[in-house]
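Student: Could you take me through one part of this structure up close? I'd like to see how the sheet is put together and what sits around one end of it.

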Amino acid sequence: MALDPSFIGRSYPPTEPYEVGREKIREFATAIGDANPAYRDPEAAKALGHSDVIAPPTFPFVITYRAAAQVVEDPELGLDFSRVVHGDQKFVYTRPVRAGDRLSVVVTIDNIKSLAGNDVLTVRGEVTDGTGEHVVTSVMTLVARAADEAGE
């Protein structure tokens, strides 16, 4: 069954603040294999004009994916998560994520469309810091694969 396009524009409550720690940034950078010293060494980050270590550009996925769970788990939307694959991800920055940031996310359904029987859902996450300053916008595309003809 196709997702209801009347959900386009629906926003969900802001997430609880996530405090970005130096060690989380370091662990993430290690996991993605990025040895940039600005992700690990406060002095290297300061030499580049930052107040503390900064996070790799894809780090906000950690919190925006969690925030998108509000959409995925919305019983009114009726998304079958067992059929969902992550289709695309984009980030548009106002400034880098820094150690010490307390970030919250408000997610909004930007688009729902059907392609070849698959539902394609675009979810935007607006990430702000503890002062309300915009940090980054995440745009995530989720694809709910169509059931095959056998009903599976």
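Tutor: Sure. Keep in mind that this is a predicted model. Its open sheet has 5 strands, and if you walk across them you meet β1-β3-β4-β5-β2, with antiparallel pairing. At the edges are β1 (18-19) and β2 (84-93), each of which pairs on one side only. In general, strands of a sheet pair through backbone hydrogen bonds, and the pairing can be parallel or antiparallel.

Let's zoom in on β1. Its antiparallel partner is β3 (residues 102-115), and 2 bridges join the two strands. In one of the pairings to look for, Tyr 18 has Leu 103 of β3 as its bridge partner. Now bring in a helix: α3 (residues 61-72) lies across β1, β2, β3, β4 (118-128) and β5 (134-144), and runs at about 55 degrees to β3.

Next, find Asp 101, in the loop between β2 and β3. Asp 101 counts as buried because its relative accessibility is 7%, and the cut-off for buried is under 20%. So who is it touching? Setting aside neighbours within four places in sequence, Asp 101 is in contact with Tyr 18, Glu 19, Val 20, Arg 95 and Pro 96. You've met Tyr 18 already, as the bridge partner of Leu 103. There's a polar detail here too: a polar atom of the Asp 101 side chain lies 2.8 Å from the backbone nitrogen of Arg 98.

Finally, try following the chain from Asp 101 to Ile 112. These residues are 11 apart along the chain, and their C-alpha atoms are separated by 32 Å.

Terms used: Residues numbered from 1 in each chain as written. Predicted model: local features only at pLDDT ≥ 70, side-chain atom pairs only at ≥ 80, totals over all residues. Heavy atoms only, no water. Pairing = 2+ DSSP bridges. Helix = DSSP H or I, 4+ residues; strand = E, 2+ residues; numbered from the N terminus. Contact = heavy atoms within 4.5 Å. Axes fitted to C-alpha atoms, helices over the stretch in contact; angles between N-to-C directions. Buried < 20%, exposed > 50% of the residue type's maximum accessible area, 1.4 Å probe, protein only. Polar contact = N/O pair within 3.5 Å; in protein donor to acceptor, adjacent residues only side chain to side chain.
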